[in-house]
Amino acid sequence: LLGLVDAHTHPVWAGDRVHEFAMKLAGASYMEIHEAGGGIHFTVEHTRNAPEEELLCTLRHRLERMRLAGSTLVECKSGYGLNLETELKMLRVIERAKRSMDIGISSTYCGAHSVPKGKTAAEATDDIINNHLPKLKELKLGGEIDVDNIDVFCEKGVFDLDSTRRILQAGKDMGLQINFHGDELHPMKSAELGAELGARAISHLEEVSDEGIAAMARAKCAAVLLPTTAYMLRLKQPQARKMLKEGVIVALGSDFNPNAYCFSMPLVMHLACVNMQLSMNEALAAATINAAYALGKSDTHGSIEAGKQGDVIVINSTRWEHLIYQFGGHQSLIDYVIVKGKVVYKNEKCGIMSSY
């Protein structure tokens, strides 16, 4: 089987938000927790205070767990700094992991993940455009940090459509691919904006409009759907069937972060099939070739063919569908993970256990 591609993760952070899970179960909404000083702001405080080495150590562990679950290419975002110093610290950590680990990484600057405390959205937007992006460009040209994508959380009470447009356009002008959060909690016309700007991908889309879906199909802009988030926050499911019918390129991501603590793309595919009505074939395509497309890497990743990178997983089953059909339990199912033709993981019980 092909190595899996996780098109959306937030794997660099410190501070545990397990206590918020209880609040969510008791009925608190994402925005209620956010406004009570939880959510992203809680993680930002802890990430700002964490030394770079600590962040690198936890990132490596998380990426190893993703790889154990069959992911061979992972998109990794910054976004828990919200100030230049911490955002750069996070991007350095992602860069160090990229250079030292046997796993593919697509790096994303997500400085507009939330509006920092003490700033308005307009001030935060100006800071990103005037200070963050020029510094990032300088480090990119110097070969210190190689960032691939730019991301903004386009949402009511976070970054509005106009601020989102300005940041994404500025990122595009310096050669970054547009790959952003849109239409998650409220209809924002994010999909229409992304299509207009030539975005490579838009994530979430639970509240996307019919016009937005049509625009994304025309623009060949991928929809990165996140089954864990819709499940965790009890949101309405994105319209995956309508998107597929209209010709949108549908990809999947784990959205691994302190709110949706999931490393496993097999579990994500299972949720996509059950909750979003994808077929198993569609889910596999969404977690391989389409996810690679969403990261601008479908010429090298996402399928097994001549000239592409040799990223494969070997499972101990006669049918590949077991990877999705089994609800969890990839630990016993995956025997080998191979990246660039090199075995990077061998299950110690390989050949002993049966997947049945």
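Visitor: Which residue lies over the face of Trp 13, and at what distance from the ring centre?

Guide: That is Arg 62, at 3.8 Å from the ring centre of Trp 13. A charge counts as over a ring if NZ of Lys or CZ of Arg is within 6 Å of the ring centre and within 35 degrees of the ring normal. Arg 200 has a similar role to look at: it lies over the face of Tyr 293, at 4.4 Å from the ring centre. Please bear in mind that this is a predicted model, where local features need pLDDT of at least 70, side-chain atom pairs count only at pLDDT 80 or more, and totals for chains, interfaces and linings use all residues. Residues are numbered from 1 along each chain as its sequence is written, and side-chain values use heavy atoms, with hydrogens and water left out.

Visitor: How many aromatic pairs does a search of the whole structure find?

Guide: Five. Rings of Phe, Tyr and Trp (its six-membered ring) pair if their centres lie within 6.5 Å; planes under 30 degrees apart are stacked, over 60 edge-to-face, and the rest tilted.

Visitor: Why is the pair of Trp 13 and Phe 256 called stacked?

Guide: The ring centres are 6.0 Å apart and the planes meet at 25°, so the pair is stacked.

Visitor: What does this pair tie together?

Guide: Trp 13 is in the loop between strand E1 (4-6) and helix H1 (18-25), while Phe 256 is in the loop between strand E8 (250-252) and helix H12 (265-276), so the pair ties together parts 243 residues apart in sequence. Helices (H or I, at least four residues) and strands (E, at least two) are DSSP runs, numbered from the N terminus.

Visitor: What makes Trp 13 and Phe 256 count as buried?

Guide: Buried means under 20% relative accessible area, exposed over 50%, and partly exposed in between (1.4 Å probe, protein chains only). Trp 13 has 5%, so Trp 13 is buried. Phe 256 has 0%, so Phe 256 is buried too.

Visitor: Which other residues join Trp 13 and Phe 256 in one aromatic cluster?

Guide: Tyr 261 and Phe 263. Phe 256 and Phe 263 form a stacked pair, 4.5 Å centre to centre with 20° between the planes, and Phe 263 is buried as well.

Visitor: Which residue in the loop between E8 and H12 has a positive phi although it is not a glycine?

Guide: Asp 255, with a phi of about 55°. Its relative accessible area is 3%, so Asp 255 is buried.

Visitor: And is Lys 220 buried or exposed?

Guide: At 54% relative accessibility, Lys 220 counts as exposed. Lys 220 sits in the loop between helix H9 (210-219) and strand E7 (222-225), and also has a positive phi of about 55°.

Visitor: What is Ala 286 in contact with, leaving aside its neighbours within four places in sequence?

Guide: Val 250, Ala 251, Leu 252, Leu 278 and Ala 291, where contact means heavy atoms within 4.5 Å. Ala 286 lies in helix H13 (residues 280-286), and its relative accessible area of 0% makes it buried.

Visitor: How do you know that the radius of gyration agrees with a compact globule?

Guide: With 356 residues, such a globule would have a value near 21 Å, and the protein chain has 19 Å, which agrees. The radius is taken over C-alpha atoms, and the globule rule is 2.2 Å times the number of residues to the power 0.38. Buried residues make up 58% of the chain.
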